[in-house]
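This tour is intended for a reader who has the structure open in a viewer. Each stop names what to select and then describes what is found there.

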Amino acid sequence: MSRIGKIPVTIPAGVEVTIEGQDVRVKGPKGELSHTVSEPITVTKSDDGSLAVERPNDERRSKALHGLSRTLIANMVTGVTEGYEKKLEIVGVGYRVQAKGPAALEFALGFSHPVPVEAPEGITFSVESPTKFAVHGIDKQAVGEVAANIRKIRKPEPYKGKGVRYAGEHVRRKVGKAGK
């Protein structure tokens with residue numbers, strides 16, 4: 001039995017969950033998210049105000065989707081109540097970020113031109129300092145994807161560690177050329 005899948009998803013106060021067949025809609029103070037649960041998995045609302053994710057059999061596909069579906073629904077509930085944030089930092093001489101509104105950033109990352117980044121729907125940026133910024137949103141997958149795409153502009157290189165990295169990320173450093 002899936003350990004994750006059998007844990008009920010608790011619904012906090014102020015969150016409204018609607019289940020229509022395989023579609024699950026979660027509405028909370030920060031916004032609204034929806035997800036279509038894969039076919040063999042069923043989601044039911046219990047009397048105590050929590051959601052139960054169940055699978056009909058012990059087939060390999062059902063087992064794989066059981067924990068996944070429960071986690072996706074729990075992430076939606078967390079997203080509409082607290083939201084998600086991914087912090088990034090920039091390392092390198094002259095590398096910096098500027099806010100061009102709540103949904104746009106402009107990076108100076110050693111290229112011959114500034115690199116503008118527009119946020120997709122539901123994502124906002126906040127700049128703490130010229131080398132530290134964060135990506136905010138209610139959809140965990142979208143926040144992670146936007147942060148990964150920004151990191152992809154200039155990945156941290158192994159010799160000097162210059163580039164965009166996640167806050168707290170450890171970059172494995174290589175030894176440079178041996179001098180004589």
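A salt bridge, as the term is used here, is a side-chain nitrogen of Lys or Arg within 4 Å of a carboxyl oxygen of Asp or Glu. Please note at the outset that this is a predicted model.

**First stop: a network of charged side chains**

Select Glu-85 and Lys-87, and display their side chains. The two meet in a salt bridge, at 3.8 Å from N to O. That separation qualifies because the limit is 4 Å. Glu-85 is partly exposed, at 43% relative accessibility, and Lys-87 is likewise partly exposed, at 39%.

Now add Glu-128 to the selection. Lys-87 forms a salt bridge with this residue too, and here the closest N and O atoms are 3.1 Å apart. Which parts of the chain does this pair tie together? Lys-87 belongs to strand 7 (residues 84–91) and Glu-128 to strand 11 (residues 123–129), so the pair connects parts that are 41 residues apart in sequence. Glu-128 has a relative accessibility of 48% and counts as partly exposed. Taken together, Glu-85, Lys-87 and Glu-128 are linked in a network of salt bridges. In general, side chains of opposite charge can pair when their charged atoms come close.

**Second stop: the four-stranded sheet**

Keep strand 7 in view and switch to a ribbon display. An open sheet of four strands appears, in the order 11-12-7-13, with antiparallel pairing. Strand 11 and strand 13 (163–166) each have a single partner strand and stand at the edges, so one side of each is left without a neighbour in the sheet. On average, neighbouring strands of this sheet are turned by 25° against each other, direction ignored.

Next, isolate strand 7 and strand 13. These strands run antiparallel and are joined by four bridges. To see one position across them, select Leu-88, which stands opposite Tyr-166 in strand 13.

**Third stop: an aromatic pair**

Select Phe-107 and Phe-133 and show their rings. How many aromatic pairs are counted? The count comes to one. Phe-107 and Phe-133 form this pair in an edge-to-face arrangement, with 5.3 Å from centre to centre and 70° between the planes. Phe-107 lies in strand 9 (residues 104–108) and Phe-133 in strand 12 (residues 132–137), so the pair ties together parts that are 26 residues apart in sequence. Are these two residues buried or exposed? Both Phe-107 and Phe-133 are buried.

**Fourth stop: the hairpin of strands 3 and 4**

Move to strand 3 (residues 23–28) and strand 4 (residues 31–36), which run antiparallel and are joined by six bridges. The connection between strand 3 and strand 4 is a hairpin through two residues. Within this pairing, Lys-27 stands opposite Glu-32 in strand 4.

Keep Glu-32 selected and add Arg-25. With which residue does Glu-32 form a salt bridge? The partner is Arg-25, and the closest N and O atoms are 2.7 Å apart. Glu-32 counts as partly exposed at 37% relative accessibility, and Arg-25 is also partly exposed, with a relative accessible area of 38%. A search of the whole structure finds six salt bridges.

**Fifth stop: the three-stranded sheet and its helix**

Select the open sheet of three strands, which has the order 1-6-5 and antiparallel pairing. Strand 1 (9–10) and strand 5 (42–45) are the edge strands, each pairing on one side only. Strand 1 and strand 6 (residues 50–54) pair in the antiparallel sense over two bridges, and Val-9 stands opposite Leu-51 in strand 6. Add helix 1 (residues 60–81), which lies across strand 1, strand 5 and strand 6 and runs at about 160° to strand 6.

**Last stop: Ser-50**

Finally, centre the view on Ser-50, which is found in strand 6. Ser-50 has a relative accessible area of 7%, and is therefore buried. The side chain of Ser-50 makes a polar contact with the side chain of Asp-48, at 3.0 Å. Which residues surround Ser-50, leaving aside its neighbours within four places in sequence? Ser-50 is in contact with Pro-8, Val-9, Thr-10, Ile-11, Thr-44 and Lys-45.

Definitions and conventions. Residues numbered from 1 in each chain as written. Predicted model: local features only at pLDDT ≥ 70, side-chain atom pairs only at ≥ 80, totals over all residues. Heavy atoms only, no water. Buried < 20%, exposed > 50% of the residue type's maximum accessible area, 1.4 Å probe, protein only. Pairing = 2+ DSSP bridges. Contact = heavy atoms within 4.5 Å. Axes fitted to C-alpha atoms, helices over the stretch in contact; angles between N-to-C directions. Polar contact = N/O pair within 3.5 Å; in protein donor to acceptor, adjacent residues only side chain to side chain. Phe/Tyr/Trp six-rings, centres within 6.5 Å; stacked < 30°, edge-to-face > 60°.
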